[in-house]
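I opened this model to look up its strand pairing, its ring contacts and its nonpolar core. My entries follow in that order.

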Amino acid sequence: MTPARQIAGPCRTWPEDSAFIREVLDRIGDKWTVLIVSTLSAGPLRYSDVQASIPGISQRMLTQTLKHLERDGLITRTAYPEVPPRVEYDLTELGRSLMEAVMAMAGWAAAHHREIAANRAASELTGVGRAKAAAGA
């Protein structure tokens, strides 16, 4: 009998934390999180400035993502007692510690944009996965 093959990965490396690792990676790998964190890297911004800096984000998604990031300790929300009220969002030290990874992911996406777009276009013509393999057989 052949022994079971050991497959590497973060969930194997830290098995007791695998569920939490998946949850955190889901949060920090979310497109809106990546864009919000990188937008706030220059310093605190008002809600409307964050929204204006991220084309395509809805008010609902921005509000929801900001709440999740605040809950996780990646950003702070500061409300100033002014008329009209002013609220600013800023990265915490924990949030700033994500910048290298976030910028690497964004840079990778920008560097490979054309290649991925070409692959998607080719996939539309040829199909992917089992359908493609069956057609070639």
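Sheet. I looked up the strand order in this predicted model and found an open sheet of 3 strands, arranged β1-β3-β2 with antiparallel pairing. I noted β1 (45–46) and β2 (75–80) as the edge strands, each of which pairs on one side only.

I then examined how β1 meets β3. Strand β3 covers residues 86–91, and its antiparallel pairing with β1 runs over 2 bridges. Across this pairing I found Arg46 opposite Glu88 in β3.

Rings. I searched for aromatic pairs, and the count came to 0. I next asked which ring the charged end of Arg86 sits over. It is the ring of Tyr80, and the charged end lies 3.8 Å from the centre of that ring.

Core. I looked up the largest nonpolar core and recorded 20 residues in it. Ile36, Val37, Leu40 and Ile75 are the residues with the most contacts inside this core. I listed the elements that give two or more residues to the core: α3 (31–39), α5 (59–71), β3 and α7 (99–111). The element that gives the most is α3, with 4 residues.

Val37. I took one of these core residues and looked up its contacts, setting aside neighbours within four places in sequence. Val37 is in contact with Leu69, Leu91, Gly95, Leu98, Met99 and Val102. Of these partners, I placed Leu69 in α5 and both Met99 and Val102 in α7 by their residue ranges. I also placed Leu91 in β3, which spans residues 86–91.

Notes. Residues are numbered from 1 along each chain as its sequence is written. This is a predicted model: local features need pLDDT of at least 70, side-chain atom pairs count only at pLDDT 80 or more; totals for chains, interfaces and linings use all residues. Side-chain values use heavy atoms; hydrogens and water are left out. Two strands pair if DSSP finds at least two bridges between them. Rings of Phe, Tyr and Trp (its six-membered ring) pair if their centres lie within 6.5 Å; planes under 30 degrees apart count as stacked, over 60 as edge-to-face and the rest as tilted. A charge sits over a ring if NZ of Lys or CZ of Arg is within 6 Å of the ring centre and within 35 degrees of the ring normal. A nonpolar core is a set of buried Ala, Val, Leu, Ile, Met, Phe, Trp, Tyr and Cys residues joined through side-chain atoms within 4.5 Å. Buried means under 20% relative accessible area, exposed over 50%, partly exposed in between (1.4 Å probe, protein chains only). Contact means heavy atoms within 4.5 Å.
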